[in-house]
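Please look over the sequence and the fold before reading on. The text below goes through some contacts, charged pairs and empty spaces, one after another.

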Amino acid sequence: MNTILHRIEINTEPEKLYKALTTQAGLSSWWTKTKTTGNKNDIATFYFGPDGSHQVCMKIVDLTSNKTVIWECESGPWVDTGHFRFDIEESEKGAIMRFSHSGWESADDFFMHCNSKWGFFFTVSLKNYLETGTGSPHPNDPSI
């Protein structure tokens, strides 16, 4: 099995990073339009495509305040992959986020595309959102 892994350090407080990963306003500001309660065992819906008609639903599997967020895809292109895990820790500069998306059968073109997109969303959009107040959520992300 293959796993997408990313580590990013952001000049922000762990609490603000956690909110960016768990709230409707936060997720919509750096990833894509989102509908979520942000509660454990609920479903978060993410909207993609030019008109937002492509939906991805993630079950919020686990939450540890300001530390961990875990999702599992219920519908969409990642159903047969494993968990999406975000781990947060405090650092000298603010917060470190470690991301893993496990359970990929092969490192095929779709795996590589998703790895590249996550890289953009974390190192540019999420980082800018938390450090400057302006992210680049879908559909304002680059075509890779």
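Apart from its neighbours within four places in sequence, Ser91 is in contact with Glu9 and Ile96. The model in view is a predicted one. Ser91 belongs to strand β6, which covers residues 83–91. Is Ser91 buried or exposed? Ser91 counts as buried because its relative accessible area is 17%, and buried means under 20%. The side chain of Ser91 also comes to 3.4 Å from the backbone nitrogen of Ala95. That distance lies within the 3.5 Å allowed for a polar contact.

Next come the charged side chains. How many salt bridges are there? The count comes to 5, and a pair qualifies when a side-chain nitrogen of Lys or Arg lies within 4 Å of a carboxyl oxygen of Asp or Glu. Three of these pairs are taken in turn here.

One of them joins the side chains of Arg98 and Glu89, with 2.6 Å from N to O. Arg98 has a relative accessible area of 36%, so this residue is partly exposed. Glu89, at 34%, is likewise partly exposed.

Another salt bridge is formed by the side chains of Asp141 and Lys117, where the N to O distance is 2.4 Å. This pair links distant parts of the chain, 24 residues apart: Lys117 sits in helix α3 (109–132), and Asp141 sits in the segment after that helix. Are these two residues buried or exposed? Asp141 is buried, with a relative accessible area of 15%. Lys117 is buried as well, at 13%.

A further salt bridge stays inside one helix. The side chains of Lys127 and Glu131 meet with 2.9 Å from N to O. Both residues lie in helix α3, 4 residues apart, which is about one turn of the helix. Lys127 counts as partly exposed because its relative accessibility is 23%, and Glu131 is partly exposed at 35%.

Now turn to the spaces between the atoms. Rolling a probe the size of a water molecule over the atoms shows where empty space is left.

The largest pocket has a volume of about 290 Å³. Its lining is made up of 14 residues, and those nearest its centre are Phe48, Trp78, His113, Cys114 and Lys117. Two elements, β4 (54–64) and α3, give two or more residues each to this lining. Which element supplies the largest share of the lining? The answer is α3, with 6 residues. Helix α3 therefore appears twice in this account: Lys117 of that helix pairs with Asp141, and Lys117 is also among the residues nearest the centre of the largest pocket. By class, the lining of the pocket divides into 9 nonpolar, 3 polar and 2 charged residues.

A search of the whole structure for cavities of 30 Å³ or more finds 1. About 40 Å³ of space lies in the largest cavity. What lines the largest cavity? The lining residues are Leu21, Thr22, Leu27, Thr36, Gly38, Ile60, Leu63, Val69 and Trp71. At least two of the lining residues come from each of α1 (14–22), β4 and β5 (68–75). Strand β4 thus gives residues to the lining of the largest pocket and to the lining of the largest cavity. The lining of the cavity holds 6 nonpolar and 3 polar residues, and no charged ones.

Notes:
Residues numbered from 1 in each chain as written. Predicted model: local features only at pLDDT ≥ 70, side-chain atom pairs only at ≥ 80, totals over all residues. Heavy atoms only, no water. Buried < 20%, exposed > 50% of the residue type's maximum accessible area, 1.4 Å probe, protein only. 1 Å grid on protein atoms, 1.4 Å probe; cavity = no way out; pocket = protein on both sides within 12 Å on 5 of 7 lines; lining within 4 Å. Points joined across faces, edges and corners; volume = space filled by probe spheres on them. Nonpolar A, V, L, I, M, F, W, Y, C, P; charged D, E, K, R; others polar. Polar contact = N/O pair within 3.5 Å; in protein donor to acceptor, adjacent residues only side chain to side chain. Contact = heavy atoms within 4.5 Å.
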